[in-house]
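Colleague: I would like to learn how to read a ligand site and a helix in a model. Could you take me through them in order?

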Amino acid sequence: VSDQAAASQWLSSLTPTPRPPPLTVESINPKVIKCEYAVRGAIAIRAQVLQQQLIADPGSLPFDEVVQCNIGNPQGLNQKPITYFREVVSLCDHPALLGKPQVHELFSADAIRRAHRIIDCLTGRSTGAYSDSQGVKACREDVAAGISARDGFPASPDDIFLTDGASPGVHMVMQLLLRSEKDGILCPIPQYPLYSASIALHGGTLVPYYLDEESQWGLEITELKQQLHTARSAGINVRALVVINPGNPTGQVLSEENQRRVVQFVRDEGLILLADEVYQENIYEAGKKFHSFKKVSRAMGIGEKDLALISYHSISKGYYGECGRRGGYMEVTGFSKEVREQMLKLASVNLCSNVSGQILMSLVMKPPKAGEESYENFVKERDGILSSLARRAKVLTEGMNKLEGVTCNQAEGAMYVFPRLRFPEKVLKVAAVAKVAPDLFYTQRLLEATGIVMVPGSGFRQVPGTWHVRCTILPSEDKLPGVISRLSTFHQKFMDEFRD
Ligand SMILES: Cc1ncc(COP(=O)(O)O)c(CN[C@@H]2CONC2=O)c1O
């Protein structure tokens, strides 16, 4: 062996053979790879890059701001928090303020009283201490009182789990229900992708039921029955039915009659009803009203013994929009003591949800009452936000319906419009070559041209061969006309470019 070869052999013997990286995309849990969440997917990621570019190099793009219409994040688009709510959580987070002489100049008397009451019930009198795993008892009592007042039927604090938003509550239940791919969950299509993502993460099967766009995203019982039968024939053990009411991304508000038939279906088929009601205070359509599935079932005389029901709520929506504070509840009824003990065990693994979010959830469910010092201002703030959202829902729906090839159902509730786009054949061809869904292709072009961030309908699943986009109704009323105008100009150019 030559000296050179001997030397290089010696050197290579000194350098350890490179180990393969401990984690690669190939060695990640395949359930994680399968999971997708379009609300913060490719379009949102690209939007962040453009946002940074605008900061670094203003004037370098054909628009001067990125408008985040991809996510129901009201305070991200300048909606102001509710004064009373923030007063109470501020005092709870810094109780020393209560001892300051100026406190009565800075905070309303009822917020001070509420804070004292809450602090008295906190472990160690501190929001910094772990609470019970189900949540602070006093907060659960207020949530239960609020549910009882809303529904006219009793709710128990023992049935309430306070969570870091509705999302972890959904994940917990999927973890409980999904043992293998043989376990299925009936989900609306289009659906909020937390459900498809969580079902994928927990190794279950999403069993679709299609909402009927032609009847304002109606939920047909015949469709539920057909999809259930198909899944069962394929050997899927369907465990639960998810209903999102008001709907995301579709914005429909179910009629009470429709809800009664859903409850009857769930009861007859021995399913668990997962009622996602996070938009319960976002009702805009005249004549439409929110009815909780808890109320509907109890009014039918269907109680805990007949129906397993988990109802979700959140502080992220409504008129409060406290998305970043992470607060929510699951009301759990109709399960055995042993099952609830398993739920509590699961909750205890995460110790507890954040206490400020728990306090905010209790304030949402038991806000100021008439006669209390904050009441008038609270009502003014609440009604101001909700009436503005209703106006924006109408304006945006009208704006969408003026676009060529676009039809858009009225956003009766929630925070989105979900228009259907009929693309020229050329768009379908170009998108196929680019290997992207046509509605993703559209939202990519829209973002690059206007800075408007929308989520492609394919991120929510949809009837095959139909294409949609989801846009929030959240740009402020003074900004919304400009957004619609930029969208219309882009849309016209896009359709002209690809006209058959
Ligand atoms: C129907 C529905 N359920 C649950 C959640 C989870 O909310 P929290 O975990 O914050 O309580 C959302 C959030 N809406 C997402 C987030 O913004 N846009 C969306 O579509 C939702 O729309």
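**Ligand shell, helix and loop**

Modeller: The ligand is surrounded by 18 residues, and S167, D276, Y279, S314 and R470 are the closest; a residue is near if one of its heavy atoms lies within 4 Å. This is a predicted model, in which local features need pLDDT of at least 70 and side-chain atom pairs pLDDT 80 or more, while totals for chains, interfaces and linings use all residues. Residues are numbered from 1 along each chain as its sequence is written, and side-chain values use heavy atoms, without hydrogens and water.

Colleague: Which side chains have an N or O atom paired with the ligand?

Modeller: A polar contact is a pair of N or O atoms within 3.5 Å; within protein, one must be able to donate a hydrogen and the other to accept it, and residues adjacent in sequence count only if both atoms are side-chain atoms. An N or O atom in the S316 side chain is 2.7 Å from a ligand oxygen, and one in the Y416 side chain is 3.1 Å from a ligand nitrogen. A polar side-chain atom of D276 lies 2.6 Å from a ligand nitrogen.

Colleague: Which residues are buried in α13?

Modeller: Buried means under 20% relative accessible area (1.4 Å probe, protein chains only). Helices are DSSP runs of H or I with at least four residues, numbered from the N terminus. In α13, R340, M343 and A347 are buried. The buried residues of α13 fall within an arc of 55° seen down its axis, so they line one face of the helix; the arc is that of the directions from the helix axis to the C-beta atoms.

Colleague: Where is S131?

Modeller: S131 sits in the loop between α6 (109-121) and α7 (137-151). The S131 side chain makes a polar contact with that of Q358 (3.0 Å).

Technical notes
Buried < 20%, exposed > 50% of the residue type's maximum accessible area, 1.4 Å probe, protein only. Helix = DSSP H or I, 4+ residues; strand = E, 2+ residues; numbered from the N terminus.
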